[in-house]
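Got your viewer open? Let's take a short walk, one selection at a time.

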Protein chains: 2
Amino acid sequence: MKVTARLIERLSTYRRNLQRQIPGAKTRIYSHELAALVGETPALVRRDLMTIGFTGSPAHGYDVPGLIAKIAELLDPPGGAGIALVGVGALGRAILRYFHRVHPEFRFVAAFDTSPDKVGQVFDGCPCHALDDMEATLRQKLIAFGVIAVPADAAQVVATRLVRNGVRALLNFTPERLQMPPGAYVEDVDLAASLEKVVFFGRLGATHAACPGADMAGPESCAANQDAYASDLPSANS
Amino acid sequence: MKVTARLIERLSTYRRNLQRQIPGAKTRIYSHELAALVGETPALVRRDLMTIGFTGSPAHGYDVPGLIAKIAELLDPPGGAGIALVGVGALGRAILRYFHRVHPEFRFVAAFDTSPDKVGQVFDGCPCHALDDMEATLRQKLIAFGVIAVPADAAQVVATRLVRNGVRALLNFTPERLQMPPGAYVEDVDLAASLEKVVFFGRLGATHAACPGADMAGPESCAANQDAYASDLPSANS
DNA sequence: GTCACGCTGTGAACTCATTCACAGTATAGC
DNA sequence: GCTATACTGTGAATGAGTTCACAGCGTGAC
């Protein structure tokens with residue numbers, strides 16, 4: 001089974017979108033339906049499900065609960081993942097709140113910050129420790145995953161401390177490229193670069209009539225779904 | 001010039017990392033130096049600069065201020081971009097604060113929320129309006145870019161309203177796949193999927209010794225830079 | 001019972017992105 | 001001035017990732 005990051009990302013959205021359907025309304029789904037749900041092609045959906053070894057039937061498509069279970073088996077760690085957050089600033093707190101409310105399956109079991117008035121507080125169920133307690137806390141709670149939401153200059157230092165104490169993968173909100181030992185994984189979320197893309201392609205779409213096709217080609221969602229826009233959407237006026 | 005989203009993303013990080021260097025310390029840079037700075041290959045850096053039509057000299061490499069200027073010319077809209085935020089919850093406020101502090105070049109000129117106690121307030125320099133004022137405000141301030149940080153169910157409705165009133169590109173923090181008219185651009189930031197990747201590949205790295213190479217191949221940063229880790233890093237103990 | 005349909009599973013084709021590899025060239029050293 | 005060096009610019013090779021296209025099959029209609 002060749003597992004790429006893109007595949008994991010898509011599996012995650014498959015599951016999320018399947019769960020979002022009214023439960024029980026549809027216990028089976030065709031590749032083209034799931035594809036429409038997540039904005040991919042039916043062929044890719046079929047290939048992905050083939051890749052993870054989940055098979056459907058030509059007659060009824062794929063079994064929804066079974067697929068959700070299969071994805072869970074693949075993605076979810078057996079005991080539930082304990083995650084640490086470093087940096088309880090505005091971004092850090094937003095992350096804690098967001099996951100606490102929307103994705104409680106990700107358990108943030110410890111946060112770390114330098115600020116004395118944050119240490120000791122509990123943010124959305126996650127206790128904030130002093131940075132000095134990091135080593136002890138990480139080892140005691142067997143934390144294997146970390147989220148870095150500190151200023152860029154501190155990122156590498158923090159990352160190094162995390163991986164030295166059992167953390168094996170990081171979500172990095174810093175623009176810094178982190179040096180990691182082999183085997184460790186870093187997923188970067190670069191908000192500035194993302195917004196930069198928005199501004200660039202938005203400007204493009206304005207000038208030329210086009211994102212797609214000709215010359216300066218915009219990607220992804222850009223003009224995907226040329227069909228069925230406009231009038232027959234959930235109306236939003238007034 | 002064939003411009004892809006990946007290219008824009010890299011250009012953004014090239015610039016950010018060049019600017020982060022002590023100004024004036026280095027007015028020229030070689031492709032392999034820039035590559036090391038951003039975690040890419042020298043060949044890709046050269047290809048990217050070639051793509052945007054920026055040339056260096058074999059003797060001295062690329063001119064740093066010139067390159068920064070060239071990227072700015074390409075990425076930055078002439079008048080500065082006016083951006084709107086919809087959804088001033090925890091995530092929305094964090095976004096406002098983050099960009100206000102770290103990237104003030106992105107000007108958030110209006111925010112929108114349903115909650116009456118937020119309307120009228122100013123968050124990090126960005127005034128919050130009622131959702132009903134969206135149409136007027138967007139048109140009056142000529143806002144062309146939007147950031148969606150509302151609950152998933154509201155995302156499509158909000159997106160539709162935005163693009164109907166002049167917004168041409170969106171940054172979408174919702175897992176919802178937005179239906180857009182052709183020419184409009186959506187950049188998705190899926191925090192749950194990102195964390196899911198972290199958990200998955202972190203777990204992999206634990207079990208097998210490997211992310212790279214064999215069989216279940218992890219991507220990106222995973223074990224990139226096997227060199228120079230460990231002891232000679234900015235020390236972080238105690 | 002038989003037929004036609006529409007779906008899955010998948011090898012092969014294709015497209016896009018990255019890396020290789022080297023010709024061309026400007027400098028520094030001798 | 002001439003040679004060795006180290007880099008850029010870029011066509012070609014490679015390698016992912018995605019889509020095509022179709023064989024195979026279970027189901028519903030008649």
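Below are two stops, the DNA and a pocket, after a note on conventions.

This is a predicted model, where local features need pLDDT of at least 70, side-chain atom pairs count only at pLDDT 80 or more, and totals for chains, interfaces and linings use all residues. Residues are numbered from 1 along each chain as its sequence is written, chains are lettered from A and ligands numbered from 1 in the order in which they are written, and side-chain values use heavy atoms, without hydrogens and water.

**DNA strand D**

Select DNA strand D and its surroundings: 23 residues lie near the strand (a heavy atom within 4 Å). Thr41(A), Ser31(B), Arg47(B), Gly56(B) and Tyr62(B) are the closest. Sugar or phosphate accounts for 64% of the strand's atoms within 4 Å of the protein, and bases for the rest.

Next, show three arginines. Arg10(A) has a polar side-chain atom 3.1 Å from a phosphate oxygen of strand D. Arg46(A) places a polar side-chain atom 3.2 Å from a base nitrogen, and a side-chain N or O atom of Arg46(B) is 3.0 Å from a base nitrogen.

**The second largest pocket**

Now hide the DNA and look at the second largest pocket, with about 960 Å³ of space (the volume filled by probe spheres set on grid points joined across faces, edges and corners). A pocket here is an open set of points on a 1 Å grid over the protein atoms alone, where a 1.4 Å probe fits, with protein on both sides within 12 Å along at least five of seven lines; lining residues have an atom within 4 Å of a point. Select Tyr98(A), Val102(A), Val150(B), Pro151(B) and Ala152(B), the closest to its centre of 47 lining residues.

Note on methods:
A polar contact is a pair of N or O atoms within 3.5 Å; within protein, one must be able to donate a hydrogen and the other to accept it, and residues adjacent in sequence count only if both atoms are side-chain atoms.
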